[in-house]
Amino acid sequence: MVDILHRVGIRAPEAEVYTALTTTEGLAGWWTTDTTGDGDEIGGLLQFRFGAGGFDMRVRDLDPDRHVLWEVVEGPEEWVGTHVRWNLKPAGDYTIVLFAHEGWKESVEFMHHCSTKWAVFLLSLKSLVETGKGAPDPHDVKIDDWN
C-alpha cells in the first residue's frame with residue numbers, strides 16, 4: 001500500500017480549519033462547489049461531484065479541532081477503500097494540517113495526478129480559511145485533461 005502525504009500550515013485556529021473540513025459550506029468553499037451530505041458526525045456520508053466525476057466519503061472518525069477521517073465508498077476504482085486523514089495541530093499562529101490519502105494499492109499514474117490535485121486543493125483550503133475565499137472546483141487550477 002502507498003499513501004499521498006502533504007503538510008501545510010494555515011494561519012488560523014484549529015477550530016476554523018476543522019469547520020472547513022466538516023461542514024458542507026466549508027468543503028464547498030475549498031474542494032468542490034458541488035458538495036452535499038453530512039460531514040460533522042461519524043457515519044455521515046459526504047458526496048463530492050466534479051466535472052470529471054465524483055466521490056462519496058463515509059465519515060469514520062472525528063475528534064473536534066484535531067482529526068477527521070473519511071473512507072472512500074464510491075468513486076474511481078483506485079480510490080474505493082482508501083482513507084483520507086486530516087490531523088490538525090497548533091504551531092504558534094498556525095494550524096498544521098498533516099494530510100494523508102492512505103491505502104492506494106499501487107503507485108499508478110492517476111495517483112501522481114491526485115497527489116498534485118490534493119496539493120492544489122490544500123492551498124485552496126489555506127486560502128479559504130485565511131482570506132475567506134478558496135478556489136474549489138470548477139475554479140481550481142487545472143493541471144491536465146483529468147482536471
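The exercises below work through the fold, sheet, core and one buried residue of a predicted model.

Residues are numbered from 1 along each chain as its sequence is written, and side-chain values use heavy atoms, with hydrogens and water left out. Because the model is predicted, local features need pLDDT of at least 70 and side-chain atom pairs count only at pLDDT 80 or more, while totals for chains, interfaces and linings use all residues.

**Exercise 1. Describe the overall fold of the chain and state how compact the chain is.**

Step 1. There are 3 helices and 7 strands in the chain; helices (H or I, at least four residues) and strands (E, at least two) are DSSP runs, numbered from the N terminus.
Step 2. Along the sequence the pattern reads β-α-α-β-β-β-β-β-β-α.
Step 3. The radius of gyration, taken over C-alpha atoms, is 14 Å, close to the 15 Å that the globule rule gives for 147 residues, so the chain is as compact as a globular protein of that length. The globule rule is 2.2 Å times the number of residues to the power 0.38.

**Exercise 2. Lay out the sheet and place the helices on it.**

Step 1. The 7 strands form an open antiparallel sheet ordered β1-β7-β6-β5-β4-β3-β2; strands pair if DSSP finds at least two bridges between them.
Step 2. β1 (2-10) and β2 (34-37) are the edges: each has a single partner strand, so one side of each lacks a neighbour in the sheet.
Step 3. Strands β5 (residues 67-74) and β6 (residues 83-91) are joined by 5 bridges, and His67 stands opposite Asn87 in β6.
Step 4. Helix α1 (residues 14-22) lies across β1, β4 (53-63), β5, β6 and β7 (94-104), at about 165° to β6. Axes are lines fitted to C-alpha atoms, for helices over the stretch in contact (heavy atoms within 4.5 Å), and angles run from 0 to 180 degrees between N-to-C directions.

**Exercise 3. Identify the largest nonpolar core and the contacts of Trp79.**

Step 1. A nonpolar core joins buried Ala, Val, Leu, Ile, Met, Phe, Trp, Tyr and Cys residues through side-chain atoms within 4.5 Å. Buried means under 20% relative accessible area, exposed over 50%, partly exposed in between (1.4 Å probe, protein chains only).
Step 2. The largest such core has 37 residues, and Trp79 is among those with the most contacts inside it.
Step 3. Helix α3 (residues 109-131) gives the most to this core, 9 residues.
Step 4. Leaving out residues up to four places away in sequence, Trp79 touches partners including Trp31, Met57, His101 and Trp118.

**Exercise 4. Is Ser124 buried or exposed, and what does Ser124 touch?**

Step 1. Ser124 is in helix α3.
Step 2. Its relative accessibility is 4%, so Ser124 counts as buried.
Step 3. Beyond four places in sequence, Ser124 touches Gly29, Trp30, Gly134, Ala135 and Pro136.
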